Amino acid sequence: MTAQVATAQGAAVPPTPTQHYCEPIAIGVDVGGTKIEAVMVDLHGNVLASQRTPTHRGNAAVLHDITMLCQQLIAARPGATAQSIGIGIPGQVDSDSGVIHSAVNLGISEFAVADEAAALLHAPVHVENDVNAAALGAMAVLGVSTRPNVADAFINLGTGLAAGIIRSGRIDHGATGICGEIGHIAVEPHRFACPCGQRGCLETVASGSAVERLWPVKHGAAMPDLMAKAQTGDAKANEMLDMVVAGVCRAVQITALCVDPATIIIGGGLTRAGQPFFDRITAMLRELASGSAFLTSAAIDRRIIAAPAGRPIGAIGAAKAAFIR
Ligand SMILES: [Zn+2]
């Protein structure tokens, strides 16, 4: 619907084309291992436009791609001014300084991305860990209403495993920024080695990289193949899938018991396996709780929500994080 502008005499006149874009807008950028996606959103989080490009590695290439996408979005909306720009990026992110460390998949060891992007884009730039940004974005898209002083959680089953904790509508970073790094809780020290230097981390069984290692396929992605084979009754596939689902359930239980979130949103590449995957997760959570009155009363399985599929939650959340900073 076209907005009408009231004059001093009370008559309504249609807005000029540029008036529509004069409201504050923010840009959110989600930097992933294979693509960088940017969205322009209004104050209500509505996506007005989006752009994407394949990811190129290294500080200069990542900065170039981020600024190019932002400039394309701004150029396409005459009169628009970015009030803030948010960037969600993997690795160790210091949101206060805007410096990222150890974004290995992007070929970045250290990068003051916020300052460099702000200088080129002439707007304040805020940087978040990508999972934290996706947590905010998923909650916004799903319309999850936050309660004061109560947490909500987003568990990302992507290449790695991590959680974003939102408390009173804001990202909980913890004291040093490692809040939600549940993928590196070592639960089975006799088992698989983890790139972090420990053994038996949850991430070594409950993540996209784990599934690719446990269930190697010649073509395509491992998870759809694993799920399809398991559904046909293949014993080996069911054994592997049970191991993955058990790891996911431990991650869910740990998150639930540590922060008692009202909702636990599960997203990331593995969840493209869809409802059968979620059915296995909730069934195993109920089985784990079946002998425990305590766990049964916690009703952890009923807190789970699937992240919205096919929506740019990482970019939307990055924009939102910059807005509410
Ligand atoms: Zn680890």
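**Salt bridges and a pocket**

The side chains of E188 and R191 come together in a salt bridge, with 3.4 Å from N to O, and I should say at once that what we are looking at is a predicted model. In this pair E188 is partly exposed, at a relative accessible area of 26%, and R191 is partly exposed as well, at 29%.

In general, side chains of opposite charge can pair when their charged atoms come close. The count of salt bridges here comes to seven, and I would like to take you through two others.

One of them joins the side chains of R280 and D242, at 3.6 Å from N to O. Because R280 lies in helix α7, residues 275–289, while D242 lies in helix α6, residues 235–259, this pair ties together parts that are 38 residues apart in sequence. R280 is partly exposed at 22% relative accessibility, and D242 is partly exposed at 35%.

The other joins R52 and E37, at 3.1 Å from N to O, and it links strand β5, where R52 sits, to strand β4, where E37 sits, 15 residues apart. Is each partner buried or exposed? R52 is exposed, with a relative accessible area of 55%, whereas E37, at 11%, counts as buried.

Strand β4 brings me to the second largest pocket, since β4, α3 and α9 each supply at least two residues of its lining, and α9 gives the most, with five. This pocket holds about 320 Å³ of space and is lined by 20 residues, with H44, G45, L136, A140 and K320 nearest its centre. The lining divides into 13 nonpolar, four polar and three charged residues, and it draws at least three residues from each of domain 1 and domain 2.

Conventions. Residues are numbered from 1 along each chain as its sequence is written. This is a predicted model: local features need pLDDT of at least 70, side-chain atom pairs count only at pLDDT 80 or more; totals for chains, interfaces and linings use all residues. Side-chain values use heavy atoms; hydrogens and water are left out. On a 1 Å grid over the protein atoms alone, a cavity is a set of points where a 1.4 Å probe fits but cannot get out, and a pocket is an open set with protein on both sides within 12 Å along at least five of seven lines; lining residues have an atom within 4 Å of a point. Grid points are joined across faces, edges and corners, and a volume is the space filled by probe spheres set on the points. Helices (H or I, at least four residues) and strands (E, at least two) are DSSP runs, numbered from the N terminus. Ala, Val, Leu, Ile, Met, Phe, Trp, Tyr, Cys and Pro count as nonpolar, Asp, Glu, Lys and Arg as charged, and the others, Gly among them, as polar. Domain bounds come from an automatic or database domain assignment. A salt bridge is a side-chain nitrogen of Lys or Arg within 4 Å of a carboxyl oxygen of Asp or Glu. Buried means under 20% relative accessible area, exposed over 50%, partly exposed in between (1.4 Å probe, protein chains only).
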